[in-house]
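User: Please take a close look at the crosslinks in this model and walk me through what surrounds them. I would like the accessibility, the geometry and a word on confidence.

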Amino acid sequence: MRALALLPVLACLSAGARGEVLSRCELARLLQRGGLDGFMGYRLDNWLCLAFYASRFNTGTVTENSDGSSDYGIFQINSRRWCSDQRSRTLDLCQTRCRGTAPPPPGERGAGTPAPQDHLAGRDLLTADLADDINCVKKVVMDWQGMGAWMPWRDHCRGRDLSHWVASCNL
């Protein structure tokens, strides 16, 4: 009976194990290295503000939407247009997986069956490696809406003094 009581706790721990909550300044450094500071006219403080209000700097955030799509990762990139989640129809404009799926271990593939080759292997928006997230948000922001594509940015960041987001980060 005790084992059953621990099951929900263990499920929560394993679900959150993929993501990582980054500090504001750690994220600022990663985004700066990734070339987002000034990209398409948006300073680094805009990206930090967006990431905070979209995911609270949590790379493992997933939000399910009423239209059947989901938003993934630190920037909440939508599966309808930008990434492939194998659940909903997508344009997959970023050519990346929303969430990674590991191939079955060699023992479960059958003897002599090679691992499947996948052009999306290693690409995933829910890990602390933000390379795929950064590449994807560059594509999103080049679309006609710019950062206006994200409601959290429109509601909390657009037109505001955002300098406090990078203050004290020693960039």
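Analyst: Cys83 is buried, at 0% relative accessibility; here buried means under 20% relative accessible area, exposed means over 50% and partly exposed lies in between, with a 1.4 Å probe and protein chains only. Its partner is Cys98, and the two sulfur atoms sit 2.0 Å apart in a disulfide, a term for cysteine sulfur atoms within 2.5 Å of each other. Cys98 is likewise buried, at 0%. The S-S torsion of Cys83 and Cys98 is about 100°, so this disulfide is right-handed. Both cysteines lie in the loop between β3 (77–78) and α4 (106–109), so the pair ties together parts that are 15 residues apart in sequence. Helices (H or I, at least four residues) and strands (E, at least two) are DSSP runs numbered from the N terminus.

A word on the ground rules: this is a predicted model, in which local features need pLDDT of at least 70 and side-chain atom pairs count only at pLDDT 80 or more, while totals for chains, interfaces and linings use all residues. Residues are numbered from 1 along each chain as its sequence is written, and side-chain values use heavy atoms, leaving out hydrogens and water.

How many disulfides does the structure hold? There are four, and counting bonded cysteines along the chain gives the pattern 1-8, 2-7, 3-5, 4-6. The β3–α4 loop also contributes Cys94, which is bonded to Cys136 with an S to S distance of 2.0 Å. At 80° about the S-S bond, the Cys94–Cys136 link is right-handed. Cys94 lies in that loop and Cys136 in helix α5 (residues 131–142), so this pair ties together parts 42 residues apart in sequence. Cys94 counts as buried at 8%, and Cys136 is buried at 1%.

The link between Cys49 and Cys157, again with S to S at 2.0 Å, has -90° about its S-S bond and is left-handed. This pair links distant parts of the chain, 108 residues apart: Cys49 is in helix α3 (residues 44–55) and Cys157 in the segment after α6 (151–156). Cys49 is buried at 1%, and so is Cys157, with a relative accessible area of 1%.

The β3–α4 loop takes part in salt bridges too, each being a side-chain nitrogen of Lys or Arg within 4 Å of a carboxyl oxygen of Asp or Glu. The count comes to four. Among them, Arg81 meets Asp143 at 3.1 Å, N to O; Asp143 lies in the loop between α5 and α6 and Arg81 in the loop between β3 and α4, so parts 62 residues apart in sequence are tied together. Arg81 is partly exposed at 29%, as is Asp143 at 21%. Another salt bridge joins Arg80 and Asp67 (3.6 Å, N to O).

Finally, confidence: the protein averages a pLDDT of 83, and 76% of the residues score at least 70, on a scale from 0 to 100 that gives the predictor's confidence in each residue. Over residues 4–17 the pLDDT is below 50, and this stretch has zero contacts beyond near neighbours in sequence, a contact being heavy atoms within 4.5 Å. Residues 102–121 stay under 50 as well, with 13 contacts beyond four places in sequence. Where pLDDT is low, the predicted coordinates should not be read in detail.
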